[in-house]
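Student: I have a model open and want to go through its contacts and folds. Can we start with the charged pairs?

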Amino acid sequence: MSKTIEEINSKIKSGKAVVVNAEEIIDIVRQQGISQAANEIDVVTTGTFAPMCSSGIYFNIGHSKPRIKLEAGKTLINDVPAYTGFAATDIMLGATALPDDDPRNKIYPGDFNYGGGHVIEDLVSGKDVSLSATAYGTDCYPRKKLETWINIHDLNEAVFFSLRNCYQNYNVATNTSDKTIYTYLGVLKPRLGNVTYCSAGQVSPLLNDPYYKTIGIGTKLFLGGGAGYISWHGTQHSPNALRTENGVPKRGAGTLSLIGDLKQMNARWLRGVSMQGYGVSLDVGIGIPIPILNEEILEYTAVTDEDIFSAVVDYSKAYPHNLPDILGEVSYAQLKSGTIQLGGKSIPSASLSSYSRALEISNILKEWIISGKFLLTEPVASLPGAGSSQSTKPLNYRPVERNNCY
Amino acid sequence: MNVSRKIVLHFPARLVEEAIAYRLVKEYNLRFNILKASIIPDSEGFVVLELSGDQEDYDRGIHFLTKTGVKIEALSQNVVRNEDKCTHCGACLTICPTGAFEVESKSRKVLFIHDRCIACSNCIKACPPRAMELHF
């Protein structure tokens, strides 16, 4: 038996939709079997909450008297440089931006206490943030300096926008060198002292729809505590990554570009983070509903941590030098047990992605749907899938010869 | 009754080369775990240790230390978790040398078991949302 999104939406509107989260579905399928579960269940909700560096916001501050055009000048928000290469008062800020006077890794490992991710958290919390701008001045935009407090409530538009979120799967990081290293996957102790991973595994959105059969451009989702949409596939989207027999990618694979109204979001789900010795980022909370259109789609949502594998990568060598070598593969069940076995050695494991927060998101989304305030959307176009020409190539490095230096 | 306390011992220069810890074990039947130490011959030194044993032995040991001229202070550094900031990701789990963080299996929330914390501060900067705070 199959259903349409329209049919599921009318059940949601009449308060009759059966919605469960991606953890609950596992036991339901074990008890009832695929066929009965597919009949009864209308939506499975997923969730993830983890640092996602390619996140950002854009906003419009409104025109001052006299006018200033921020473009091609320099604009700082709480001392963090923002991008102003657009029209006069449009500003974009990325999660990983740092104040010019942050010492970075000059005192190694750097602290990275405040950056773009933290500005986004402060702004979404409703705190005043300072804007300090210089510009060159024109006949129509004469002002050259602007210093003012701004607040999200006063902005004309404030929009969350990401180039890449929601990685379908991710490397497991470790360190074979003799010294501690500081990475975007956390602090890695020497001589395989620990491994870190960053996925919600069995409740993570794209691991529950591995071939993007329901998730596509235009899909409405939980984003940062509000509602958002998939705007495109994310950068480095790699649907042709290695997969297991059940279709689940064993490497990075798919990614999403997301968009949503920042004014609806809140700081519980957009949180600035500091990665010691590495930089700043933003914890982003995302939850995607999966409409159970047929048995095949339901079967994908019943995926468990035992069925999901990832590659252990040496961040002291293979990763920095962009080599394909991996040290082995482990399941998320092993990773979540707290210890993995690798080459006869037991290694303690830790996560950068919060499973309990991911589950909380899947439950919030479930409540939104059950209460009828969140309807599902039909994708307007598919994401590039397995077998498409979409791939992630390394840089084609071509040194620039500068002969004509006068 | 057993007691276990984290204390800081300040040694005057004349005591730096004395086998004081040895006597705590041998004569007072106490166990110790050195958390931090700085001992330089001919100058003042300090040791931060967790001292444990029977209450009576402990009191006698402390009396002995005081008598020899060691200045004793309670460890005033205290690591606490800001519950509003913790996202329960678990990045701290493999950073803590004493296993003070554990994942509760059902909810997968990260527990901070304060009794196991030796205030080494390793977790403070390794925590991405900076939820671990050092209080004095």
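Tutor: A salt bridge here is a side-chain nitrogen of Lys or Arg within 4 Å of a carboxyl oxygen of Asp or Glu. Keep in mind that this is a predicted model.

Student: How many salt bridges over all chains, by this rule?

Tutor: The count comes to 20 over all chains. One of them joins the side chains of A:D305 and A:K336, at 2.9 Å from N to O.

Student: Where do A:D305 and A:K336 lie?

Tutor: A:D305 is in the loop between α4 (295–301) and β21 (309–314) of chain A, and A:K336 is in helix α5 (residues 332–337) of chain A. The two parts are 31 residues apart in sequence, so the pair ties them together.

Student: Is A:D305 buried or exposed? And A:K336, buried or exposed?

Tutor: A:D305 is buried, with 7% relative accessibility. A:K336 is buried too, at 12%. Both count as buried because the cut-off for that class is under 20% relative accessible area.

Student: What about chain B? Which side chain meets B:R23 in a salt bridge?

Tutor: That of B:E27, with an N to O distance of 3.1 Å. B:R23 is partly exposed at 34% relative accessible area, and B:E27 is partly exposed at 39% relative accessibility.

Student: And which one meets B:R81?

Tutor: B:E83, at 3.1 Å from N to O. Here B:R81 is buried, with a relative accessible area of 15%, whereas B:E83 is partly exposed at 48%.

Student: Which residues are joined into one network by salt bridges that share partners?

Tutor: A:K3, A:K11 and A:D42 form one such network.

Student: Switching to cysteines. How many disulfides does a search of the whole structure find?

Tutor: Zero, over all chains. The cut-off is a pair of cysteine sulfur atoms within 2.5 Å.

Student: Why is there no bond at A:C166?

Tutor: The closest cysteine sulfur belongs to A:C198 and is 11 Å from the sulfur of A:C166, which is too far for a bond. A:C166 itself is buried, at 5% relative accessibility.

Student: And why none at B:C92?

Tutor: Distance again: the closest cysteine sulfur is in B:C89, 6.5 Å away, and that is too far for a bond. B:C92 is buried as well, with a relative accessible area of 13%.

Student: OK, on to the sheet. What is the strand order of the open sheet in chain B?

Tutor: The four strands run in the order β2-β3-β1-β4 of chain B, with antiparallel pairing. At the edges are β2 (31–38) and β4 (71–74) of chain B, each pairing on one side only. From one strand to the next, the twist averages 30 degrees.

Student: How many bridges link β2(B) and β3 of chain B?

Tutor: Seven, in the antiparallel sense, with β3 of chain B covering residues 45–54. For instance, B:A37 has B:V47 in β3(B) as its bridge partner.

Student: Last one, a helix. How many residues of α3 in chain A are buried?

Tutor: Nine of nine, over residues 116–124, so under the 20% cut-off the helix is mostly covered. Among the buried residues are A:H118, A:E121 and A:D122, along with A:V119, A:I120 and A:L123.

Student: What phi does A:G126 take, just after α3(A)?

Tutor: A positive one, of about 90 degrees.

Conventions:
Residues numbered from 1 in each chain as written. Chains lettered and ligands numbered in written order. Predicted model: local features only at pLDDT ≥ 70, side-chain atom pairs only at ≥ 80, totals over all residues. Heavy atoms only, no water. Pairing = 2+ DSSP bridges. Axes fitted to C-alpha atoms, helices over the stretch in contact; angles between N-to-C directions. Buried < 20%, exposed > 50% of the residue type's maximum accessible area, 1.4 Å probe, protein only.
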